[in-house]
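Colleague: Please take a close look at the aromatic side chains, at the charges over their rings and at the burial that goes with them. I would like the cut-offs stated along the way.

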Amino acid sequence: MAPTSSLSIRHARILLPNGEFLLGDVQICDGKIVGVAAEIVASGDREIDASGLTLLPGVIDPQVHFREPGLEHKEDLFTASCACAKGGVTSFLEMPNTRPLTTTQAALDDKLRRAAEKCLVNYGFFIGATPEILPDLLSANPTSGIKVFMGSMHGDLLMDDAAVLEEIFAKGDRLIAVHAEDQARINQRRQEFAGISDVAIHSQIQDNQAALLATQLAVKLSKKYQRRLHILHLSTGEEAEFLRQEKPSWVTAEVTPQHLLLNTSAYETIGSLAQMNPPLREPRDNEILWQALLDGVIDFIATDHAPHTLAEKAQTYPNTPSGMPGVETSLPLMLTQAMNGRCTVAQVANWMSTAVAKAYKIPNKGKIAPGFDGDLVLVDLEKYRPVVGKEMASKCGWSSFEGWNLTGWPVVTVVGGKVVFENGKLDTNVRGKALTFDADM
């Protein structure tokens with residue numbers, strides 16, 4: 001049967017799965033890559049001349065908060081997926097702290113329905129663990145895994161009881177992803193620093209020790225039960241050095257661009273726009289995290305995209321909410337680091353796509369090769385332009401990296417063989433698909 005749609009990308013500098021580059025063509029038919037070669041004679045329904053551009057696998061962002069349902073004044077699935085498309089993010093995994101919480105099959109189904117209607121890119125969702133351990137925790141499907149908030153959370157998602165936490169690790173084999181901060185230490189330090197309204201105190205209240213204690217406990221439980229564990233947004237040098245010594249093969253960890261590139265000095269310049277959980281750390285933490293990423297102690301990158309309105313951020317600490325947007329700037333931030341010699345373009349693509357697909361067992365994603373999905377991004381590594389918050393597609397309309405001069409901005413983003421973003425314009429008729437998670441991978 002003849003293909004219903006095809007796309008040819010010509011004269012691109014193509015990143016191959018072995019980390020080398022090929023100047024050539026890629027052909028996509030019915031959403032799948034069917035050819036990668038120096039020259040492909042067959043033409044597609046649509047052709048893109050990618051001369052001077054670099055072709056990478058689409059970014060898979062494995063930790064985002066897109067706020068729908070219940071908090072759509074900050075963001076929604078449509079605006080967030082527009083930001084993804086502009087940022088070269090072709091797939092995302094979204095967290096359960098929406099309203100209602102994603103703790104049941106019904107809530108998961110509702111998100112999947114909303115995403116099918118609204119999302120320009122591919123989507124997957126975590127299910128949240130609660131102290132009462134709801135019955136759908138191990139049976140809800142499809143899901144990327146169980147999200148556990150060990151600290152810096154309130155309400156039904158806070159899992160600060162060690163006995164309940166152990167019960168989660170002891171039952172089932174589904175991946176557990178942890179926000180690792182020790183709530184008891186945070187509570188203690190909140191009392192110590194009560195009354196201080198300087199937002200910079202946030203990094204002292206939720207200090208390095210709070211993060212380390214929780215990560216140590218999660219790894220201990222993972223080892224005890226041989227349970228697949230992923231540590232979200234690693235933020236401290238102490239955690240990185242602990243994992244260097246104690247991380248078993250079935251444990252993975254991620255880091256955000258902001259924990260690599262920003263530190264506590266940012267409070268002086270951007271105030272609460274630097275506030276997030278876990279907090280920004282000291283410059284020494286930046287350096288240790290970078291080395292851990294380069295050495296493979298940290299496996300990949302996520303944004304923890306967590307937008308709030310500027311009005312919410314303008315309140316006085318501790319009433320200012322934690323979180324910052326990230327999907328639109330993560331790829332150019334990291335590619336700029338590559339062009340500065342901190343890492344390679346191939347490493348960036350591995351950290352932001354290939355390694356994520358492998359860790360979450362997402363089939364046919366993360367490589368430019370025949371048989372893989374046509375989720376791709378063409379970037380320009382020659383041109384630089386600044387981050388301008390008011391130009392962001394994210395509903396919040398700001399960035400913690402305002403004014404940073406970056407290269408590697410996406411020129412074209414392709415989702416399932418369809419061009420969703422090209423030369424500054426979005427095709428809002430494109431829709432992504434629900435991700436699948438293959439336990440046999």
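Modeller: The charged end of Lys147 is placed over the ring of Phe149, at 3.7 Å from its centre, where "over" requires NZ of Lys or CZ of Arg within 6 Å of the ring centre and within 35 degrees of the ring normal. Arg385 likewise lies over the face of Trp409, with 4.0 Å to the ring centre. Please keep in mind that this is a predicted model, in which local features need pLDDT of at least 70 and side-chain atom pairs count only at pLDDT 80 or more, while totals for chains, interfaces and linings use all residues. Residues are numbered from 1 along each chain as its sequence is written, and side-chain values rest on heavy atoms, with hydrogens and water left out.

Turning from charges to ring pairs, the structure holds six aromatic pairs, a pair being rings of Phe, Tyr or Trp (its six-membered ring) with centres within 6.5 Å, called stacked for planes under 30 degrees apart, edge-to-face over 60 and tilted for the rest. In one of them, the centres of the Phe92 and Phe125 rings are 6.2 Å apart and the planes stand at 80 degrees, so this pair is edge-to-face. It joins distant parts of the chain, since Phe92 belongs to strand 7 (residues 89-94) and Phe125, 33 residues away, to strand 8 (residues 122-125); strands (E, at least two residues) and helices (H or I, at least four) are DSSP runs numbered from the N terminus. Both Phe92 and Phe125 are buried, meaning under 20% relative accessible area with a 1.4 Å probe and protein chains only, whereas exposed means over 50% and partly exposed lies in between. Phe125 also pairs with Tyr123: here the ring centres are 6.3 Å apart and the planes are at 40 degrees, so the pair is tilted, and Tyr123, like Phe125, is buried. Ring pairs thereby tie Phe66, Phe92, Tyr123 and Phe125 into a cluster.

Burial can be followed along a helix as well. Gln183, Ile186 and Arg189 are buried in helix 4 (residues 183-192), and, viewed down the axis, the buried residues of helix 4 fall within an arc of 125 degrees, so they line one face of the helix; the arc is taken from the directions between the helix axis and the C-beta atoms. On the face of helix 4 turned away from this buried side are the exposed residues Ala184 and Gln191. The cover over the buried residues of helix 4 includes helix 5 (202-205) and helix 6 (208-225), with contact meaning heavy atoms within 4.5 Å.
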